[in-house]
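Thanks for coming. I will keep this short and go through one structure, piece by piece. Please have the sequence and the model in view.

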Amino acid sequence: MLIPILIFDVALVAWSLHLMQSALDRQEFSLMLAGTLVALSAGAMLVVYFIIGNCLSRLS
């Protein structure tokens, strides 16, 4: 289950970098904010995955 989540996270980070590069080219704050939010959501998804995995391993 970890491999699909890592692939999805890499895709999210690539998309956020693309948004941030577009923001720098166009001088738009909203694209920079969107890229930051996408990168934060990718990181949060990994954190939640490892927290839930740790909790489930302790329960079983």
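What follows is a walk through the core, the loop, the surface and the aromatic residues.

One remark before the details: this is a predicted model.

I start with the core. Which residues make up the largest nonpolar core? There are six residues in all: Leu 12, Leu 19, Ala 23, Leu 31, Val 38 and Ala 42. Helix H1, residues 2-26, and helix H2 each supply at least two residues of this core. Helix H2 covers residues 29-59.

Take Ala 42 from that list. If we do not count residues up to four places away in sequence, Ala 42 touches Asp 9, Leu 12 and Val 13. Leu 12 is itself a member of the core.

Met 32 sits in helix H2 as well. Leaving aside neighbours within four places in sequence, Met 32 is in contact with Met 20, Ala 23 and Leu 24. Of those partners, Ala 23 belongs to the core. Is Met 32 buried, partly exposed or exposed? Its relative accessible area is 26%, so Met 32 is partly exposed; buried would require under 20%.

Now the loop between H1 and H2. Gln 27 lies there, and Glu 28 does too. Gln 27 is the one to look at for backbone geometry: its phi is positive, about 55°, although Gln 27 is not a glycine. Gln 27 counts as exposed because its relative accessibility is 69%, and the cut-off for exposed is over 50%. Glu 28, at 34%, counts as partly exposed. For a sense of distance from this loop, Glu 28 and Ile 52 are 24 residues apart along the chain, and their C-alpha atoms are separated by 37 Å.

Next, the surface. Where is there a nonpolar patch? Phe 29, Leu 33, Leu 37 and Leu 40 make one of about 450 Å². Phe 29 is in helix H2. With a relative accessible area of 65%, Phe 29 is exposed.

On to the aromatic residues. How many aromatic pairs does the structure hold? It holds one. The partners are Tyr 49 and Phe 50, with ring centres 5.4 Å apart and planes at 75°, so the pair is edge-to-face. The cut-off behind that label is an angle over 60 degrees. As for accessibility, Tyr 49 is partly exposed at 27%, and Phe 50 is partly exposed at 48%.

Phe 50 also gives us a distance back to Met 32. The two are 18 residues apart in sequence and 28 Å apart in space, C-alpha to C-alpha.

Last, Val 47, which lies in helix H2. Val 47 has a relative accessible area of 48% and is therefore partly exposed. How far is Val 47 from Ile 7, in sequence and in space? They are 40 residues apart in sequence and 15 Å apart in space, again C-alpha to C-alpha.

To recap: helices H1 and H2 each supply at least two residues of the largest nonpolar core, Gln 27 has a positive phi in the loop, Phe 29 takes part in a nonpolar surface patch, and Tyr 49 and Phe 50 form an edge-to-face pair. That is all I have; questions are welcome.

Notes:
Residues are numbered from 1 along each chain as its sequence is written. This is a predicted model: local features need pLDDT of at least 70, side-chain atom pairs count only at pLDDT 80 or more; totals for chains, interfaces and linings use all residues. Side-chain values use heavy atoms; hydrogens and water are left out. Patches are made of residues with over 30% relative accessible area and no salt bridge: like charges are joined within 9 Å, nonpolar side chains (Val, Leu, Ile, Met, Phe, Trp, Tyr) within 5 Å. Accessible areas come from the Shrake-Rupley method with a 1.4 Å probe; for residues, only the protein chains shown count as cover. A salt bridge is a side-chain nitrogen of Lys or Arg within 4 Å of a carboxyl oxygen of Asp or Glu. Helices (H or I, at least four residues) and strands (E, at least two) are DSSP runs, numbered from the N terminus. Buried means under 20% relative accessible area, exposed over 50%, partly exposed in between (1.4 Å probe, protein chains only). Rings of Phe, Tyr and Trp (its six-membered ring) pair if their centres lie within 6.5 Å; planes under 30 degrees apart count as stacked, over 60 as edge-to-face and the rest as tilted. A nonpolar core is a set of buried Ala, Val, Leu, Ile, Met, Phe, Trp, Tyr and Cys residues joined through side-chain atoms within 4.5 Å. Contact means heavy atoms within 4.5 Å.
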